[in-house]
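Visitor: I am new to this structure and would like a close look at a single part of it. Could you pick one strand and walk me through its surroundings?

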Amino acid sequence: MLKIKDKILAAPLLLAPMAGLTHSALRTLVLSFGGAGLLSTEMLSARRLPKENQYVSPYLVRTKEEFPLSYQLLITDVQEIGPAIVALHRMAADVVDLNFGCPAPRIRKAGGGSSLMSDPLRVRGIIRTARRRTNLPLTAKIRLGERLEQSSLRDFCTMLQDEGLDMLTVHARLRGESFARKPHWEWVEKVKNWLDIPVVANGGIFSVKDAARCLSLSNADGLMLGRAAAQKPWLFAAIAREIYGISVPEWKISLPRLYGEFALGLTRFRPERRLGRLKEFTHYFSLNYAFGHHLAMAVQKSTTLTQAWRQAVCFFERTDPEGMIGVADEEVSTALSSPYISDVMRP
Ligand SMILES: Cc1cc2nc3c(=O)[nH]c(=O)nc-3n(C[C@H](O)[C@H](O)[C@H](O)COP(=O)(O)O)c2cc1C
């Protein structure tokens with residue numbers, strides 16, 4: 001059982017925050033299979049958040065089924081935290097997460113993400129302020145730092161806990177390590193041994209076997225899945241069932257139908273925000289096929305959503321005709337060219 005402050009998750013499996021990916025359409029898809037205990041937004045600029053319209057912003061649009069939902073804040077300055085938390089209360093956030101792990105140079109240069117791990121005093125101020133401003137579960141996500149070195153990592157993590165953090169997710173890579181590098185899952189166990197709050201392991205989980213191995217090395221209280229959520233949205237359900245013994249229905253997977261459902265979910269965004277999101281998702285989803293790069297390239301080159309969908313249908317008809325059975329081709333086409341936003345939560 002994973003409990004974050006007073007919130008008990010139905011499964012100790014979390015969707016990772018991913019810019020351009022963990023929006024309403026992907027969350028709905030993950031939910032449809034079951035097994036995920038906590039969903040997440042993409043990282044949200046704490047500075048801009050108070051001015052965003054939650055019913056229109058592609059980062060904030062959600063349906064009422066997307067629950068419980070963690071909102072991840074990208075903070076660069078302690079001043080931003082108060083107004084951002086007021087906005088998150090208004091948006092009915094279930095969990096407030098703070099990004100201390102993003103290695104992107106642009107974010108680091110602005111003083112956010114992983115650059116904050118080198119400035120524990122600022123982070124202390126941020127956590128202290130956030131803790132004073134909210135009773136919601138407060139969590140953070142980090143990488144392992146600049147180099148594998150215990151004392152600074154321990155000091156940083158215990159400081160987070162001392163300031164009132166309720167859960168910590170560790171992406172088990174150093175700041176400079178690419179996704180091609182093997183994650184250091186055994187370092188998550190070190191972090192876990194230093195802390196009393198739950199510690200969640202993240203990085204490189206793409207199968208039930210990976211999840212089992214990660215758990216055996218990290219002894220983590222939960223697992224967070226990122227890219228695999230876009231490639232195999234059913235993986236949460238499989239891990240919940242096979243590792244945690246949670247009863248989750250088994251579905252027959254049809255990849256084309258799944259792709260169509262994701263595309264329908266995109267209609268919650270304004271038309272100009274749909275194609276980019278389809279491309280980002282397709283990049284990961286196409287890995288399910290041996291010749292998936294043809295699908296990824298065809299969608300990547302498309303200049304309209306209708307064209308992208310047509311290209312995808314052609315690919316599926318060629319490589320996965322059985323999966324195409326029951327795909328509502330026309331319905332998806334029509335929906336994708338519609339200007340309207342369907343089942344978004346409204347005031
Ligand atoms: C496209 C993409 C966008 C990401 N955006 C974020 C983000 O907004 N916030 C964050 O904390 N991590 C972000 N990450 C990192 C993921 O949350 C996760 O830590 C990383 O992908 C490793 O997990 P995985 O191997 O399960 O994908 C992103 C990763 C990817 C691939």
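Guide: Let's begin with a pair of strands in this predicted model: strand E7 (residues 138-142) and strand E8 run parallel to each other, joined over four bridges. E8 covers residues 167-171, and its Met 167 stands opposite Thr 139. Between the two strands comes a helix: E7, helix H5 (residues 150-162) and E8 together make a right-handed β-α-β unit.

Now look to another partner of E8. Strand E9 (residues 199-202) is also parallel to E8, and four bridges join them. Here you can find Val 170 of E8 with Ala 201 of E9 as its bridge partner. To get from E8 to E9, the chain crosses through helix H6 (residues 185-194), and this β-α-β crossover is right-handed.

With pairings to E7 and to E9, how covered is E8 itself? Strand E8 is mostly covered, with five of its five residues buried. Its side chains point two ways: Met 167, Thr 169 and His 171 go one way, while Leu 168 and Val 170 go the other, and all of them are buried.

Let's stay with Leu 168 for a moment. Setting aside neighbours within four places in sequence, Leu 168 is in contact with Thr 139, Ala 140 and Ile 142, with Cys 157 and Leu 160, and with Val 191, Leu 195, Ile 197 and Val 199. Leu 168 also has a place in a wider picture. The largest nonpolar core has 107 residues, and Leu 168 is one of those that touch the most other members, along with Val 96, Leu 223, Leu 225 and Phe 236. Helix H13 (residues 305-319) gives the most to this core, contributing six residues. At least three residues of the core come from each of domain 1 (2-242) and domain 2 (255-336).

That brings us to the two domains. The protein is divided into domain 1 (2-242) and domain 2 (255-336), and their C-alpha centres lie 28 Å apart. Where they touch, the contact takes 14 residues from domain 1 and 15 residues from domain 2. On the domain 1 side, the elements giving two or more residues are helix H1 (24-33) and helix H8 (227-231). Of these, H1 gives the most, with five residues. The residues on that side of domain 1 divide into eight nonpolar, five polar and one charged.

Methods:
Residues are numbered from 1 along each chain as its sequence is written. This is a predicted model: local features need pLDDT of at least 70, side-chain atom pairs count only at pLDDT 80 or more; totals for chains, interfaces and linings use all residues. A nonpolar core is a set of buried Ala, Val, Leu, Ile, Met, Phe, Trp, Tyr and Cys residues joined through C-beta atoms within 7 Å. A residue is buried if 20 or more other C-beta atoms lie within 10 Å of its own, exposed if 12 or fewer, and partly exposed in between; C-beta atoms are placed from the backbone. Domain bounds come from an automatic or database domain assignment. Two residues are in contact if their C-beta atoms, placed from the backbone, lie within 7 Å. Two strands pair if DSSP finds at least two bridges between them. A crossover is right-handed if, with the strands pointing away from the viewer, the path from the first strand over the helix to the second runs clockwise. Ala, Val, Leu, Ile, Met, Phe, Trp, Tyr, Cys and Pro count as nonpolar, Asp, Glu, Lys and Arg as charged, and the others, Gly among them, as polar.
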